[in-house]
Each structure stands twice: as structure tokens, then as C-alpha cells.
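Trainee: Got a minute to go through this model with me? I'd like to start with a loop and then work outwards.

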Amino acid sequence: MEQTFLVYSHHQPDVEWLQSVLAPQPVLCVYEQLEGLLGLVDVTGAHLIFVGMDFDNIVAQSALIEGLLEARPFVTVVGLGRDLDNELVIHAMRAGARDFIVNGMRSSEVQGLVRRLSQRLPTLPVKKQQGELTILYGAQPDPDAALVALHLALHLQGPERSLLLLDLGLPYGESLEGLRLTTDFYFGDALRNLRRLDSSLINSAFCRHDSGVTVLAHHDEDGPLSGLHATELYLVMGALRQNFSHIIVNLCGQPDSESLRTFINNSQQFYWYLDQSVSCCKRNLTLLNEWRQHKVKLDHGRLVVDRYQASVAPDSTSLSTTFNMPLAAQLPTSPVARLTAKNQGRALFEVAPRDALSRALVRLADTLSQPVRNRRSYDWLKIWRARA
């Protein structure tokens, strides 16, 4: 079972070393003080925390360990230093650390220590169930990725489910245009209001489509996702996943960053979105190979080939082989249906329910996890018939 580890340290080489030693398990670097660290413990469910120790900040670091264990007595703390100095080890142990490791120790020793400590950990209190996370990503910007993401959301939305479409892809705001929605509250606003991001704020500030799908989009003025620290992302996504049973995220076109990899690592379903053009395939394959070298979690990834032409190479079988990913869907071009839906701000399920693209999108949505399909007893098309 995959665990998330937290490391509180301002010495980046120590953090990078620990991340490489414990890969592919996620190791999240924390810069916040005690309150932020406690929030991350709750959101991630982490129960093994590494705290960097050095002589310049030894008093504050010891106080952090004591405060952490007082507030969350079920977690285990391990000291982390650059040298095996007796004074550092004694301060860490007196504060409550269970062990101490040093940058440069053999990987097998660190992994063995983590394994032993994990086996001895008590059962933690059950935290609130978090919603499922589905990611749609491709290395280059594509407005049609938002079209695909919003139709997945529309098909999966139901009376027993609260669904959020989080549109962070490039170009920004395509999902709002595709559903003819207007809003004054964007993803950056959610980050700025993180401490009060609860059901009350969500119900009052987030925009909602007639189908019931809630939409939160990125704004041009919020800056690139690469400028967002992974810690902030964990906190905001933790808050959102506690208020929605399923979140579908469009990330297409976002450049590689720590935040982007955090999204991918924590998703339950991951669709790699691309088309058949050589330039698009090269760009995506280059990034995919880099991620695999850095052990980004990709074993749940599946290909979605959009605007697919069976008579044009490379075909879907070749793409699946080249990318070493199973094929989730090949979406037909259907240019008239696409353009009509975009220009009218209406769903393909309404303007062209029998079109090949509409049927392919339904099949793609049904490839999501089994619990989602079992719970789906809602016919989205009935909305439009009822309102007609």
C-alpha cells in the first residue's frame, strides 16, 4: 500500500536525497510551521514525518517535534541531519523522535528503517472520505481537452454524487465557454481563501451548471501552475476532495512542475491526451520518458487519442505500443458536432446525441472506476428532455 511521507527541512539536498531513496513513494517537502504541517498530516494521512535538524535552528526544530507529537500522538517522527552528531541526535530523541538518519546513508538501511517503523505504527483514526480524482493531461495546449473533460463530468454527474470539474488546462477558461458559464471566483481565489474553503464558500462562490456539475477554472492573472508549491496543492485539493465525491481535472498544456507531478501521483484515474500528429507525439513521449525516469506514478495511465483518423499513421495500436500504455479511447473528429456544441455552449449529448463522438465520450466515461459506474443511475439527457 502506497504511503505519503512528509519531510520538514530547508536543506534542499537532504530533501532530494530522501525523495530518491524512498521513490516511488511520494515524499512531500514542507516549509510551513506547525499549523501548516498539522494540516498536511490530516490531508495526506501521512504518519511518518522526517524533521531536518541543524545547530542553527535546533531549539525551534525540537519544539516543532514536540508540538507535532502533542497534537498528533499517533504519528512517528524521524530526525534528519547532514552529519551524525551526538548533540543533534540527543535533541531529536528528547523531543520525541523515534530514530535519526543522515544524508548519504545506504538506501537499504533507510528503506529498512521506514519499513520497520511503518509496521509498528498504530491504526490511525479514520479520516473523512476523500473524493476520487481523475486527471486528463497532455503535454501541449488543446482547447478540445476541455471539451472532453466537461463531457466526462456531465455524464458522471448524478443525484447521489457531487462532481467538480477543475479546469486548469491551456487555454484557460475553455470549460466555462463550453458551458456558457460566468464566474468571479477562480482557482487562485480558492488558494487565497484556503483557510475558509468549506461547503459554505463552495456553495456560495463556485459556479454550477444546470446539470449539477460544479466548475472551478484557472484565470490568466493567477499565474502558471508551476508557481504553486506542492504543499499548497495538497491542502487545496484535500479541502476540495472532502466536499466532492469526484473531481475531474483538465491539466492539458501545463508545463512540467512539482505541482503537476503531485496531481498525477495522487490521481485514481489518469488519461494521457494526445492526437496523431508527429509533433504532438514527440512532445508527449519526451515528457513521458522523463517522468518514468523520475518514477512518477504512471501505472494507472491510459491513452486518449482525439480527432482520430483510422487511415492515418500512427494508428492507435502503434501509439499504445510506443507509449507503453493501454488505449482508453479513440475519439472521432466529428467536426460539425464539435463546432456546433462549442458555438452554442451546449453539450454534444444534447446537440448530437447519436453522433459517433458523443457515443465515444460515453464509453470513455464508463471506463472510470467500477464504484463510479455502479452508483451512476442518472441519465444526463433527461435534463434536456425535461427542459425542452
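Mentor: Sure, take Pro24, which sits in the loop between helix 1 (12–22) and strand 2. Helices (H or I, at least four residues) and strands (E, at least two) are DSSP runs numbered from the N terminus. This is a predicted model, where local features need pLDDT of at least 70 and side-chain atom pairs count only at pLDDT 80 or more, while totals for chains, interfaces and linings use all residues. Residues are numbered from 1 along each chain as its sequence is written, and side-chain values use heavy atoms, with hydrogens and water left out.

Trainee: OK, and the peptide bond from Ala23 to Pro24, cis or trans?

Mentor: Cis, with omega near 5 degrees. The bond from Leu170 to Pro171 is also modelled cis, with omega near -5 degrees.

Trainee: Where is Pro171 found?

Mentor: In the loop between strand 7 and helix 7 (174–178).

Trainee: Back to strand 2. In what order do the strands of its sheet run?

Mentor: That open sheet has five strands in the order 2-1-3-4-5, with parallel pairing; two strands pair if DSSP finds at least two bridges between them. Strand 2 (27–30) and strand 5 (99–102) are the edges, each pairing on one side only. From one strand to the next the twist averages 25 degrees, taken between axes, which are lines fitted to C-alpha atoms (for helices over the stretch in contact), with angles from 0 to 180 degrees between N-to-C directions.

Trainee: What about strand 4, how many bridges join it to strand 3?

Mentor: Five, and strand 3 (residues 48–52) runs parallel to strand 4. Val51 has Gly79 as its bridge partner there. On the strand 5 side, strand 4 pairs in the parallel sense over four bridges, and Gly79 stands opposite Phe100.

Trainee: How many residues of strand 4 are buried?

Mentor: Six of the six residues in strand 4 (76–81) are buried, meaning under 20% relative accessible area, with exposed over 50% and partly exposed in between (1.4 Å probe, protein chains only). In a regular strand the side chains alternate between the two faces of the sheet. Here Thr76, Val78 and Leu80 are buried on one side, and Val77, Gly79 and Gly81 are buried on the other.

Trainee: Switching to helices. At what angle do helix 2 and helix 3 cross?

Mentor: Roughly 45 degrees, with the axes of helix 2 (residues 34–44) and helix 3 (residues 58–71) coming within 10 Å. That makes helix 2 oblique to helix 3: under 35 degrees is roughly parallel, over 145 roughly antiparallel, 65 to 115 roughly perpendicular, and the rest oblique.

Trainee: And which residues make the contact?

Mentor: Leu34, Leu37, Leu38 and Val41 from helix 2, with Leu64, Gly67, Leu68 and Ala71 from helix 3; contact means heavy atoms within 4.5 Å.

Trainee: Asp42 is in helix 2 as well. How accessible is Asp42?

Mentor: Partly exposed, at a relative accessible area of 37%. The C-alpha atoms of Asp42 and Asp315 are separated by 45 Å, and the two are 273 residues apart along the chain.

Trainee: Now the other sheet. How many strands form it, and is the pairing parallel, antiparallel or mixed?

Mentor: Eight strands, in the order 8-9-7-10-6-11-12-13, open and with mixed pairing. Strand 8 (207–208) and strand 13 (327–332) are the edge strands, each pairing on one side only. Strand 7 (residues 163–167) and strand 9 (residues 214–217) run parallel, joined by four bridges, and Asp167 stands opposite Ala217.

Trainee: Which strands does helix 11 lie across?

Mentor: Helix 11 (residues 258–265) lies across strands 6, 7, 10 and 11, at about 125 degrees to strand 6. Helix 12 (residues 278–293) lies across strand 6 and strand 11, running at about 145 degrees to strand 11.

Trainee: Last topic, backbone oddities. What is the phi of Arg180?

Mentor: About 55 degrees, positive although Arg180 is not a glycine. Arg180 sits in the loop between helix 7 and helix 8 (187–192) and counts as partly exposed at 46% relative accessibility. Ser334 also has a positive phi, near 40 degrees. The loop between strand 13 and helix 14 (335–344) holds Ser334, which is buried at 12% relative accessible area.
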